[in-house]
Amino acid sequence: MNPTGPVTLTRDVDAIQIPSGESVRLLSGSTVEITQSLGGTYTVHSSDHGGLFRIAAQDADALGQDVNEHRIADGEFDEAKVWEQLKNCYDPEIPVNIVDLGLVYSVKAEDDVSGDGKSVTVKMTLTAPGCGMGPSIASDAEQRILTAPGVANARVELVWDPPWSPDLISLAGKEKLGMV
């Protein structure tokens, strides 16, 4: 999780408000506290702006952190590499990745029409249908899938059937959450 003490933003930064999913601009000079730092994204609490916000990896410098760029890997397509990338995606309120939370239902790969690799479609759900963070989490997943070797295109579909339940959390996820 890696929370730290108060941090002063060094520049304006676009963020996503949690849990509404609304885009907001946090202003330079504002004080925030990092509450979660997993998978390269940051969840911060801001009294100045009223609540929790998700800051993307490319804006880590505004927090005084190193920018962790996701680079496209060379090589042949390997579905296991897609799953590895998905394990770097986190719900900004839960310190368990989306795979171990049981949110990812399937990964399907087929030849991309461009002929330059695979087109990957992921079906995933959220812990709650009304979660405003769904589009942000799906976008994060798509961007990470695109960094896996041999992937030319990525699409994440949010589905609600079957409904998610805590029974879908992996053993590793349950251990992280103190459920076992």
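Q: Before we start, what do buried and exposed stand for here?
A: Buried means under 20% relative accessible area, exposed means over 50%, and partly exposed covers what lies in between, with a 1.4 Å probe and protein chains only. Cys131 is buried, with a relative accessible area of 17%.

Q: And what kind of model is this?
A: This is a predicted model, in which local features need pLDDT of at least 70, side-chain atom pairs count only at pLDDT 80 or more, and totals for chains, interfaces and linings use all residues. Residues are numbered from 1 along each chain as its sequence is written, and side-chain values use heavy atoms, with hydrogens and water left out.

Q: Back to the cysteines: how many disulfides are there?
A: A search of the whole structure finds 0 disulfides, a disulfide being a pair of cysteine sulfur atoms within 2.5 Å.

Q: Why is Cys89 not bonded to Cys131?
A: The closest cysteine sulfur to that of Cys89 is in Cys131, and at 14 Å it is too far for a bond.

Q: Is Cys89 buried or exposed?
A: Cys89 counts as buried, because its relative accessibility is 0%.

Q: What about the whole chain: how much of the protein is buried?
A: Of the 180 residues in the protein, 41% are buried.

Q: Which elements make up the secondary structure?
A: The protein has 3 helices and 9 strands. Helices (H or I, at least four residues) and strands (E, at least two) are DSSP runs, numbered from the N terminus. From that end, the order is β-β-β-β-β-β-α-β-β-α-β-α.

Q: How compact is the protein?
A: The radius of gyration is 17 Å, close to the 16 Å from the globule rule for 180 residues, so the protein is as compact as a globular protein of that length. That radius is taken over C-alpha atoms, and the rule is 2.2 Å times the number of residues to the power 0.38.

Q: What box do the C-alpha atoms fill?
A: Along the principal axes, the C-alpha atoms fill a box of roughly 50 × 35 × 25 Å.

Q: New topic: where does Pro19 sit, and what is the peptide bond before it like?
A: Pro19 is in the loop between strand E2 (13-18) and strand E3 (23-26). The bond joining Ile18 and Pro19 is cis, with omega about 5°.

Q: And Pro162, where does that residue lie?
A: Pro162 lies in the loop between strand E9 (151-158) and helix H3 (171-176). The peptide bond from Asp161 to Pro162 is cis, with omega near 0°.
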